[in-house]
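I wanted a written record of what I looked up in this structure, kept in the order in which I went through it. The entries below are meant for the bench notebook.

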Amino acid sequence: MKKIKVLWIEDGAFVEVSKLTGPLYTSGKYNLVIALNASDGIKAIKKNEFDVVIVDIRIPPGSDPAWKGVVARSRTDKIQTRLGLNLLYSLLKPDLVKEKITLTGIPEWVSMHPERFGVLTVEDERDIVEDLEKLGLPEESFTRKKSKMPVTALLDLIERIVQLKEKSTSAGG
Amino acid sequence: MDKKYLLRSFAKNFNLNKLPIGAYIVTKEGEFIECNTEARKILKLPSSGEIKANIKDFYSDPSERDKILKKIEDNENDGFSPGKIVINFNVKNSEKRVQTHCRFIRDPDSNEIIGVFGCLVDVTWEMIFSELFEFLPVGVYLLDENDKIIRVNDAFVKILGYKSKSELEGENVSTIYENPDYAPVFRNRLINKKAVINDKVELKKKSGEPIFVSVNSYKIPGKGQSYKGRRGTIVDVTAEENYRRLLSSIPVGTYMVDNENKIIDCNESFAKMFDYDDIKSVRGEFVLDLYDDPYKDYDNFMKELKKKHDEGANPLVGYNLKFKSKKGRTFVAEVNTRLLVDKEGKSYGRAGAVRDISGEVALRDLRDDIGKTLHTYSSNLIMLQHSLVPLVEVIGPDPFDKKTFLEIEDAISALDDPAKHLEKSLARILEISTTSTEMFNALSVDNWDVLHIQRDLLTNYEEQIPYPEFIISALTDSAKKIIAVCKSFEKGLPREMEKDLKRKAKELGRICSLITYHQALDAIQEMEFEVRALREYVIFRQRASEKLEICRIESLVSISIHNLSGLAKYRNVEIKQSHKTSGIKVKVEERSLIRALSHLFFNAIKYSLRRGDEEQRWIIIRSYIEDTDINNRWVCVEVENYGVPITKEEIDKELIFQFGYRGDYSGNRRKVGTGIGLMDTREVARKLGGDVVVSSHPADDGAKEDDYDQPFLTKAVLKLPVKPNHGVQNEKN
């Protein structure tokens with residue numbers, strides 16, 4: 001059976017939340033790619049088509065000067081800037097993004113399949129519910145990072161997104 | 001005909017005494033023929049009778065008369081009136097300025113000049129005032145009823161930066177106002193009052209530059225006290241006004257108090273600080289009413305102030321007092337004040353500046369609280385560390401050395417055998433299940449699927465999981481799943497096989513747990529250092545400067561290394577050293593410099609990587625003297641490591657020195673810092689006149705400078721200047 005390709009854009013993937021990946025591998029269903037920052041996330045999206053993309057909200061810019069510029073203009077540090085949200089807007093709703101970054105070479109599957117995107121973040125849902133609505137991301141595509149979250153949290157989120165994707169495909173969407 | 005006779009006839013016919021001004025007739029040579037009463041008064045001549053005098057004798061400069069006569073003659077020849085002339089006269093040893101208007105008297109027959117007819121007006125005072133007007137250093141002006149500038153003096157022209165009076169006379173005065181709309185406002189004030197005294201007005205120079213002047217202006221009344229214009233003076237007070245505004249705007253209250261403790265004056269900041277509406281309402285207030293506890297504080301304060309004064313008229317600086325504002329709000333302020341004394345040395349009050357430091361006091365208290373909290377964190381980390389030890393003892397024998405950091409590669413290779421054994425055990429069961437229906441029925445189809453997936457994973461997990469950090473969690477989960485499936489085994493599976501599978505799965509899980517334990521220990525070690533460094537930074541950096549002490553640079557380096565030797569050993573990092581600063585001493589705050597060096601060494605240890613097949617990581621600490629030019633000599637402590645890159649941008653833009661900054665590439669090497677170290681180190685260095693310089697280049701020669709997916713050689717150098725009496729000295733000096 002072909003494995004589901006997952007991109008996880010998360011700067012703490014190898015440190016704080018590495019435990020979440022175990023269930024993905026032991027399920028035998030997923031191929032996981034990690035990007036530690038916004039620049040690398042965009043690079044990965046341009047290079048491959050993913051079935052699921054999970055984005056952390058607070059991520060560093062990486063090496064791309066365009067993302068660094070967003071941080072510099074916001075006058076906060078790179079973790080406070082919520083670049084993950086900016087990345088999602090830039091990909092899914094570029095007209096709504098405040099700090100515009102013109103992304104070129106973004107493959108069609110991104111705009112055609114917004115249902116593939118999900119958010120795993122420390123933010124409270126109340127703090128970003130408006131953004132999720134504007135991005136067209138349903139409640140099921142969001143999970144909050146907490147200290148006592150189960151080790152299957154990432155797997156559960158991915159599986160919900162896959163189900164949404166299947167629903168959307170079968171509905172002819 | 002006799003000339004004098006002709007002149008006397010002229011005088012008689014003319015009736016000089018009818019003229020309201022002084023008038024006289026003299027011969028061409030200057031002999032008086034006739035003088036009217038007014039002229040006699042001016043020249044102090046006898047009030048009647050013949051005048052035996054010559055007008056030349058009244059000239060302060062006799063040659064001037066000839067010049068005047070020549071001028072009259074020339075004017076007459078040109079058909080012009082000779083005009084009024086002001087002449088300096090000496091009248092009975094008293095200088096007078098007289099204005100005269102002269103005409104020749106000619107013989108009617110020959111047209112020969114036989115005499116001079118002159119008018120005289122004593123303009124001595126007018127001239128004095130006119131000169132005063134011109135030469136006063138104060139700008140003087142005269143405006144008409146429509147605000148047109150009639151006359152100004154040289155000082156007025158100069159104050160406003162013009163070159164001549166003609167540029168101003170005739171212009172409307174609003175053209176020199178910074179805000180022209182204010183000109184009619186000022187005018188209207190004078191229409192209602194007689195004068196405006198010492199008013200500050202903002203004007204504008206010819207260049208457009210604003211200027212503040214103090215204006216005195218007096219109404220020129222017309223009929224029935226109507227407004228006919230004004231006259232007055234301006235003085236440039238720009239410097240004073242700027243200073244006053246500066247004093248008002250600075251967030252420091254300035255004040256003056258007399259010996260009865262009454263406030264004589266203050267600035268706006270003072271009034272605001274004490275919740276007064278304005279400066280006016282502060283004047284005359286009793287300053288002790290502003291003390292929170294005058295009985296406790298005032299006497300001590302005055303004692304200290306007098307002591308400082310007696311030491312040499314010194315001010316009392318940095319004295320903290322608790323005050324209470326007019327609205328009852330209490331706050332702590334830093335007072336800097338000095339006694340005011342007269343020429344005889346008698347005190348007539350005091351003056352000073354007061355600064356609200358409540359925020360700083362609160363910050364200091366907060367800092368102390370944070371320090372205590374961090375101290376608690378330190379203790380908690382140690383407790384956590386100790387709590388993990390019995391846990392590990394329960395897990396079973398630990399193949400890993402507790403004294404050193406567990407490298408990820410070593411952790412993964414320790415999983416090889418248990419993973420292989422588990423896989424073999426699993427493979428046997430799966431094989432039999434395909435040939436024995438009884439075996440197959442021992443588990444559900446889903447559970448067999450799970451076991452197949454785990455076997456697949458265990459066979460080539462290093463291929464399937466490209467990220468080493470995830471292998472441990474994957475194998476942990478795999479072992480858990482296998483154990484869970486084992487619980488579901490129904491009859492049909494040989495007992496020994498089941499037991500073997502469980503045992504192997506538990507062993508894999510045990511090794512994974514031990515790896516997690518070591519990773520936790522490592523994280524605790526690092527956190528402990530970071531928390532201690534943060535506590536040092538928060539508490540000691542902000543304290544009043546420590547005493548400067550003379551220390552050997554070698555000794556400071558040695559203490560810093562010793563502080564980190566445990567961590568270095570744990571992390572299997574060899575500290576290589578090379579020192580060429582024997583005998584060099586520095587005058588520094590010892591604790592701060594040790595902290596600064598420790599940050600550099602800690603970063604080097606933390607971000608170092610294993611090089612190729614080498615067992616140990618390493619850092620090199622060097623100290624040496626560097627001469628950058630003939631005038632600049634530095635003592636340098638340098639640390640170099642092989643490890644995580646720092647990008648060119650991070651160095652060029654000094655991002656790495658920003659508070660809380662985490663390096664671009666520090667995260668993907670699984671190491672995250674607090675972002676304080678380099679910032680603190682540089683602050684300490686700069687306080688001593690030195691600096692920190694960082695460089696980072698690919699370790700492999702020929703590798704691309706901007707390829708950050710490779711190890712870099714990074715150097716951080718703390719430099720201190722070698723200057724006489726500055727701090728760095730050679731022991732031999």
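These entries go through the sheet, the strand pairs, the helix contacts and the chain contact in turn.

**Entry 1, the open sheet of chain B.** I noted before anything else that this is a predicted model. I then traced the sheet and found five strands in the order β2-β1-β5-β4-β3 of chain B, an open arrangement with antiparallel pairing. At its edges I found β2 (32-35) and β3 (85-91) of chain B, and because each has a single partner strand, one side of each is left without a neighbour in the sheet. I also looked up the twist, and neighbouring strands of this sheet are turned by 35° against each other on average, with direction ignored.

**Entry 2, the β3 edge and the helices on the sheet.** I followed β3(B) to its partner, strand β4 (residues 94-106) of chain B, to which seven bridges join it in an antiparallel run; within this pair, V91(B) has S94(B) in β4(B) as its bridge partner. I then asked which helices pack on the sheet, and one of them is helix α3 (residues 63-78) of chain B, which touches β1 (22-27), β3, β4 and β5 (113-122) of that chain and whose direction makes about 40° with that of β4(B). Helix α4 (residues 124-135) of chain B also packs on the sheet, touching β3, β4 and β5 of chain B, and its direction makes about 115° with that of β4(B).

**Entry 3, the partners of β10 in chain B.** I looked up strand β10 (residues 227-236) of chain B and found that strand β6 (residues 139-144) of chain B pairs with it in the antiparallel sense over six bridges, with D144(B) bridged to G229(B) in β10(B). Strand β9 (residues 210-221) of chain B is joined to β10(B) by eight bridges, again antiparallel, and here S217(B) has G232(B) as its bridge partner. The hairpin of β9(B) and β10(B) has five residues between the strands, and in it I noted G224(B), which takes a positive phi near 60°.

**Entry 4, a helix pair in chain B.** I checked helix α14 (residues 445-459) and helix α16 (residues 468-486) of chain B, which pack at an angle of about 150° with their axes 10 Å apart. Since angles over 145 degrees count as roughly antiparallel, α14(B) is therefore roughly antiparallel to α16(B). The crossing is left-handed, and the contact residues include V450(B), L451(B) and L458(B) of α14(B) and L475(B), I482(B) and V485(B) of α16(B). By class, the residues of this contact are eight nonpolar, three polar and one charged.

**Entry 5, a helix pair in chain A.** I found helix α4 (residues 83-92) and helix α6 (residues 125-135) of chain A packed at an angle of about 15°, with their axes 10 Å apart, which means that α4(A) is roughly parallel to α6(A). Their crossing is left-handed. L85(A), L88(A), Y89(A) and L92(A) of α4(A) meet I128(A), D131(A), K134(A) and L135(A) of α6(A), a contact of six nonpolar, no polar and two charged residues.

**Entry 6, chain B against chain A.** How many residues does each chain give to the contact? I recorded 25 residues from chain B and 23 residues from chain A. The area buried between the two chains is about 1,900 Å², and carbon and sulfur atoms give 57% of it. On the chain B side, Y467(B), F470(B) and S473(B) supply 28% of the area which that chain buries against chain A, more than any other three residues.

Notes
Residues are numbered from 1 along each chain as its sequence is written. Chains are lettered from A and ligands numbered from 1 in the order in which they are written. This is a predicted model: local features need pLDDT of at least 70, side-chain atom pairs count only at pLDDT 80 or more; totals for chains, interfaces and linings use all residues. Side-chain values use heavy atoms; hydrogens and water are left out. Axes are lines fitted to C-alpha atoms, for helices over the stretch in contact, and angles run from 0 to 180 degrees between N-to-C directions. Angles under 35 degrees count as roughly parallel, over 145 as roughly antiparallel, 65 to 115 as roughly perpendicular and the rest as oblique. A crossing is left-handed if the near helix is turned anticlockwise from the far one by less than a right angle, and right-handed if clockwise. Contact means heavy atoms within 4.5 Å. Ala, Val, Leu, Ile, Met, Phe, Trp, Tyr, Cys and Pro count as nonpolar, Asp, Glu, Lys and Arg as charged, and the others, Gly among them, as polar. Two strands pair if DSSP finds at least two bridges between them. Buried area is the accessible area (1.4 Å probe) that two parts lose on being put together, summed over both.
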